[in-house]
Amino acid sequence: MPRARWTFRLLKTSTFRLAAVYLVVFAISVGAVLGYVYWQTLKLLDEQADETIAAEVQGIAEQYALNGTPGVLAVIKNRTRLDTGGLYLLATPVGKRLGGNLKSLPANVLNNEPGWIEFAYVVETPRGLTEHKARGFYTRLEGGYHLLVGRDIQELRQFGKIIRNTLIWALGLTAILGIGGGLLLSRNFLRRIDAITATVRAIRSGRMSDRVPLEGSGDELDRLAAALNDMLDEIERLMRGMKEVSSNIAHDLRTPLNRLRAQAEDALRSDDPAEHRRALEATIEHADNLLKTFNALLFIARAEAGQAAAGFSELDAAEVVREIGELYQPIVEDEGGSLKMTAPETLRMRGDRQLIAQALVNLLDNALKYGRRDDEPPQITIGAEVCDGHICLFVADRGPGIPESETEHVKDRFVRLDESRSAPGSGLGLSLVTSIARLHGGELILRDNKPGLRAILKLPRDGKT
Amino acid sequence: MHILIIEDDKEAAGWLMKGLREAGHVTDLAVDGEEGLNMARNGDYDVLIIDRMLPKMDGLTLLKTLRKEGNQTPALFLSALGEVDDKVEGLRAGGDDYIAKPYAFSELLARVEVLGRRKTAEPVQTRLKVGDLEMDLLKRRVTRAGKEIQLQPREFKLLEYLMRHAGNVVTRTMLLENVWDYHFDPQTNVIDVHISRLRGKIDKEFDKPLLHTVRGAGYMLRAD
């Protein structure tokens, strides 16, 4: 990645923007506080100087009233000698200097009305003559004498300038550090976001097994990455499922369609009306089976998309178990077997009564078809109970069972174990039950019934998916 | 019976009309919702067969309009939308029954005939009688030729449904829906076993069987 583009993207990160906004707010507050201090300090110092000057002017004016110009000159001389930092000048009405430590009146003062003025004057320092700033009060004594009393404010101004410079430097440094920090933060952030983006791109280009690297710090980005990885796992699982299903559909739907077609063709060659009739009946039967398979597939797809939850209501699971048990009891007994029912009085839960009944019927059909040894009569138990806070509906048989290694596999679509291939069925029964369980936020558990199979529909009471 | 079919698929409607005529019914056809609404308003029909998805006006709206106008002709919805929710929607709109496409004609015929009969049925019955088989709904007693027959509660319900629809074919799906209140296709022959048990109780010791199997369709209870 070109350096300039990287930097540009760095500036565009949300972290950097946040840092920048924070920086601006911080700079404004620092500036405001320091500015206020600066302004207040200068104001206080100025006021102090002005008060001193005003007091001195007052004193000199009084002296003049008592002793005239000699008195004024004596006071000035005295003050100058004490070096109180004051600046004085007394001049005749025509502007001739009579005394004081200022060499001359500043320009333009003579024509001015009395008042506050700021002026420059020349002082002698060890490094030579320099010009200093001063502030003073200019007035005219009775008899037209000019009087200027002032203070050197060079240091005051210098002080202000130092504060001002400090302020500017402080703000400048804050900005530099802030921007630097922001860039540093966003660089880290950007690096990790780039890792996520790179993974997403890799996956889009077909590398499904790529995963976002985790830092192991458990921070919010790590959590996001972990959630993304979980999602990717789920997507990969679904895609694998889809692939398997499409190849299974190809096989399991094509086979009966082929058979159907062959049968019709065969009947067409014959001239026997009885043969035609038989073929047509078989055709309808094949078509019905195909439709059942289609409907089951469609239902599973809908259930997995979570669309079929609209029919949820309060129901009594124990009652459903009893009703379905009662529905199946005669057929099991006709086969010489027994169907036991165990359920408490009531088991309230939220769910879809029709779907739960459908699931139980599928499990019972399976138990009847596969849940018996050789020619032994089926011994089936259907029941409902509370199991770790959930509701467990189960159908148990005493047949050959399912090997533990296959218990997950048989829930997939179109999966039929070799032992059962010869029996009629679509291989969708358990997938349908699994979908119904998932739709209710529960699961289908297949367990060893010692002997036989115990299929448990474990459903939450509140029906939340 | 005089039946109005509102269906835009002309080929499907053709098969349907042929089948219903062969069963002895008179049929009319409307090919879109508006035409169907007009014909249903003006004709005196015993049963309406309405496709849910129709041009110009969909089946649900059509029936809602009719019901609002006070027309109570029994109506059966035909729909490719076969889920339970869709069924509930259809029944809420005023439909009396609902059948999902693709359907077996025998199933449709049985349901249409039950609907047509409903219109003329007496509103409240406390006794049902088919031949010498009698059912007292208040005392919950069943007798045949004066001899009392002991039935389980579910068998009683099953027989009650068959007696209420005596002379009509009832399908296995209809029985599962109305006697057990479950709306899925009975996969195995569970219903047949219940029927055969009932038959054992009401027909076995008597000369003339009342409960007949109608091949490829379902069952019928009739006296002759």
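This report walks through the predicted model of two chains, A and B, from their overall make-up to their strands, helices and shared contact.

## Chain A at a glance

Let us start with the overall picture of chain A. Eight helices and twelve strands make up its regular elements. Of its 465 residues, 24% count as buried. If you look at contacts in chain A between residues at least 6 apart in sequence, 62% of them join residues at least 24 apart.

## An open sheet in chain A

One sheet of chain A deserves a closer look. Five strands line up in the order S2-S1-S5-S4-S3, and the sheet they form is open, with antiparallel pairing. At the edges sit strand S2 (97-99) and strand S3 (115-125) of chain A, each of which pairs on one side only. On average, and with direction ignored, neighbouring strands of this sheet are turned by 35 degrees against each other.

Within this sheet, strand S1 (residues 86-91) and strand S5 (residues 146-152) of chain A run antiparallel and are joined by six bridges. To find this pairing in the viewer, try Tyr88(A), which stands opposite Val149(A) in S5(A).

## A helix pair in chain A

Two packed helices are described by the angle between their axes and the distance between the axes. For helix H7 (residues 353-370) and helix H8 (residues 429-439) of chain A, the axes come within 9 Å and cross at roughly 150 degrees. The cut-off for roughly antiparallel is an angle over 145 degrees, so H7(A) is roughly antiparallel to H8(A). Their crossing is left-handed.

On the H7(A) side, the contact involves Leu355(A), Ile356(A), Gln358(A), Ala359(A), Asn362(A), Leu363(A), Asp365(A) and Asn366(A), which meet Gly429(A), Leu432(A), Val433(A), Ile436(A) and Leu439(A) in H8(A). Sorted by class, the residues of this contact are eight nonpolar, four polar and one charged.

## A covered strand in chain B

Turning to chain B, strand S3 (residues 47-51) is mostly covered, with five of its five residues buried. The cover extends to both faces: Val47(B), Ile49(B) and Asp51(B) are buried on one side, and Leu48(B) and Ile50(B) on the other.

S3(B) has parallel partners. Strand S1 (residues 2-6) of chain B runs parallel to S3(B), with four bridges between them, and here Ile3(B) stands opposite Val47(B). Strand S4 (residues 75-79) of chain B also runs parallel to S3(B) and is joined to it by four bridges. In that pairing, Ile49(B) has Leu76(B) of S4(B) as its bridge partner.

## Two hairpins in chain B

Further along chain B, strand S7 (residues 133-136) and strand S8 (residues 141-144) run antiparallel, joined by four bridges. Leu133(B) faces Arg144(B) of S8(B) in this pairing. The hairpin of S7(B) and S8(B) has four residues between the strands, and Arg140(B) takes a positive phi near 50 degrees.

S8(B) then pairs with strand S9 (residues 147-149) of chain B, in the antiparallel sense and over three bridges. Arg144(B) appears again, this time with Lys147(B) in S9(B) as its bridge partner. This hairpin has two residues between its strands, and Ala145(B) in the turn has a positive phi of about 50 degrees.

## A helix pair in chain B

Helix H6 (residues 153-164) and helix H7 (residues 172-179) of chain B have axes that come within 10 Å and cross at roughly 120 degrees. H6(B) and H7(B) are therefore oblique to each other, and their crossing is right-handed. Lys157(B), Leu158(B) and Tyr161(B) of H6(B) make the contact with Leu175(B), Asn178(B) and Val179(B) of H7(B). By class, four of these residues are nonpolar, one is polar and one is charged.

H7(B) has Thr173(B), Met174(B), Leu175(B), Leu176(B) and Val179(B) as its buried residues. Leu175(B) and Val179(B) thus belong to the buried set and also take part in the contact with H6(B). After the helix comes Asp181(B), with a positive phi near 60 degrees.

## Where the chains meet

Finally, 15 residues of chain B are in contact with 15 residues of chain A. On the chain B side, helix H4 (84-92) and helix H8 (190-202) are the elements that give two or more residues. H8(B) provides the largest share, four residues. Divided by class, this side of chain B has seven nonpolar, five polar and three charged residues.

Note on methods
Residues numbered from 1 in each chain as written. Chains lettered and ligands numbered in written order. Predicted model: local features only at pLDDT ≥ 70, side-chain atom pairs only at ≥ 80, totals over all residues. Axes fitted to C-alpha atoms, helices over the stretch in contact; angles between N-to-C directions. Parallel < 35°, antiparallel > 145°, perpendicular 65-115°, else oblique. Left-handed = near helix turned anticlockwise from the far one by under 90°. Contact = placed C-beta atoms within 7 Å. Nonpolar A, V, L, I, M, F, W, Y, C, P; charged D, E, K, R; others polar. Pairing = 2+ DSSP bridges. Buried ≥ 20, exposed ≤ 12 C-beta atoms within 10 Å, placed from the backbone.
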